[in-house]
Amino acid sequence: MNKNQISIVFKSFFVILTVLFSNSGNAQQNYVIDNSNHFWDKVQFGGGLGLGFGSGYTNISVMPSAIYNINPIVSMGVGLQFGYLYQKDYYESFVYGGSFITLVNPIPQVQLSAELEQVRVDTDYEENYYHPGFSDAYWNTALYLGAGYRTGNVTIGARYDVLYDPNKSLYGSGFMPFVRVYF
């Protein structure tokens, strides 16, 4: 190659590099300036309702929540929980608290979850043949790991409280099915 050809190759190479880097720079600049992703566009609201009635038994729970979709795979959010339980001639209980949740969707149909729940339990036991009446108040902490099938805004699955202790836990089992809905 002579000097002229080397000069042309260098100039061509420099022009190609300049074009490549200028497009890359513009793409990055457009991404930074792009305001189409507003915070509230990525927030979804949902939660759960629970009703249980039986012979002398009532269980009512309301659990609103909100999540922020960090990206199509990961979401994080918070929730509140309010509950009322009553067993005739045995006890009346009020439950309230909150939770933090992380959802991961490795594929659109599968949702994995981790939820840390902290609730206050205030219970009044009625006097009966087995024990005198008394009150009990305590905090219950649960760490649920779960998996479910997701279709649209609805996920059906199960979760397990890895901190479950049958002597201290609010629930009768560490395993719990769920239906999760977010709009």
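Q: Two strands pair if DSSP finds at least two bridges between them; what makes strand β4 and strand β5 a pair by that rule?
A: In this predicted model, whose residues are numbered from 1 along each chain as its sequence is written, local features need pLDDT of at least 70 and side-chain atom pairs count only at pLDDT 80 or more, while totals for chains, interfaces and linings use all residues. Side-chain values use heavy atoms, with hydrogens and water left out. Strand β4 (residues 91-107) and strand β5 (residues 110-125) are joined by 15 bridges and run antiparallel, so the requirement of at least two bridges is met. Isoleucine 107 stands opposite valine 110 in β5, and the two strands form a hairpin with two residues between them.

Q: What makes β5 and strand β6 a pair, and in which sense do they run?
A: The bridges between β5 and strand β6 (residues 134-151) number 16, and the pairing is antiparallel. Within this pairing, serine 113 of β5 is placed opposite glycine 146 in β6.

Q: How are the elements of the protein defined, and in what order do they run?
A: Both kinds of element are DSSP runs numbered from the N terminus, a helix being H or I over at least four residues and a strand being E over at least two. On that basis the protein has one helix and eight strands, in the order α-β-β-β-β-β-β-β-β.

Q: Why is aspartate 161 called buried or exposed?
A: Buried means under 20% relative accessible area, exposed means over 50%, and partly exposed lies in between (1.4 Å probe, protein chains only). Aspartate 161, which lies in strand β7 (residues 154-161), has 2% relative accessibility and therefore counts as buried. Across the protein, buried residues make up 25% of the 183 residues.

Q: Which residues does aspartate 161 touch, and how do you know that they are in contact?
A: Contact means heavy atoms within 4.5 Å, and, leaving aside residues up to four places away in sequence, aspartate 161 touches Thr141, Ala142, Leu143, Tyr144, Ser169 and Gly174. Tyrosine 144 is 17 residues from aspartate 161 in sequence, yet their C-alpha atoms are 4.3 Å apart. A polar atom of the aspartate 161 side chain also lies 3.1 Å from the backbone nitrogen of leucine 143.

Q: What makes the pair of glutamate 115 and arginine 159 a salt bridge?
A: The term requires a side-chain nitrogen of Lys or Arg within 4 Å of a carboxyl oxygen of Asp or Glu. The closest N and O atoms of glutamate 115 and arginine 159 are 2.7 Å apart, so the pair qualifies. Glutamate 115 lies in strand β5 and arginine 159 in strand β7, so the pair ties together parts that are 44 residues apart in sequence. Both glutamate 115 and arginine 159 are buried.

Q: How many salt bridges does this rule give, and why is aspartate 122 called buried or partly exposed?
A: The count comes to two salt bridges, and aspartate 122 forms one with arginine 120, with the closest N and O atoms 3.3 Å apart. Aspartate 122 has 24% relative accessibility, which means that aspartate 122 counts as partly exposed.

Q: Which residues make up the largest nonpolar core, and what makes a set of residues a core?
A: A nonpolar core is a set of buried Ala, Val, Leu, Ile, Met, Phe, Trp, Tyr and Cys residues joined through side-chain atoms within 4.5 Å. The largest one has five residues, namely Leu85, Tyr91, Val95, Val119 and Val121, and β4 and β5 each supply at least two residues of this core. Leucine 85 touches residues including Tyr91 and Val95.

Definitions and conventions. Polar contact = N/O pair within 3.5 Å; in protein donor to acceptor, adjacent residues only side chain to side chain.
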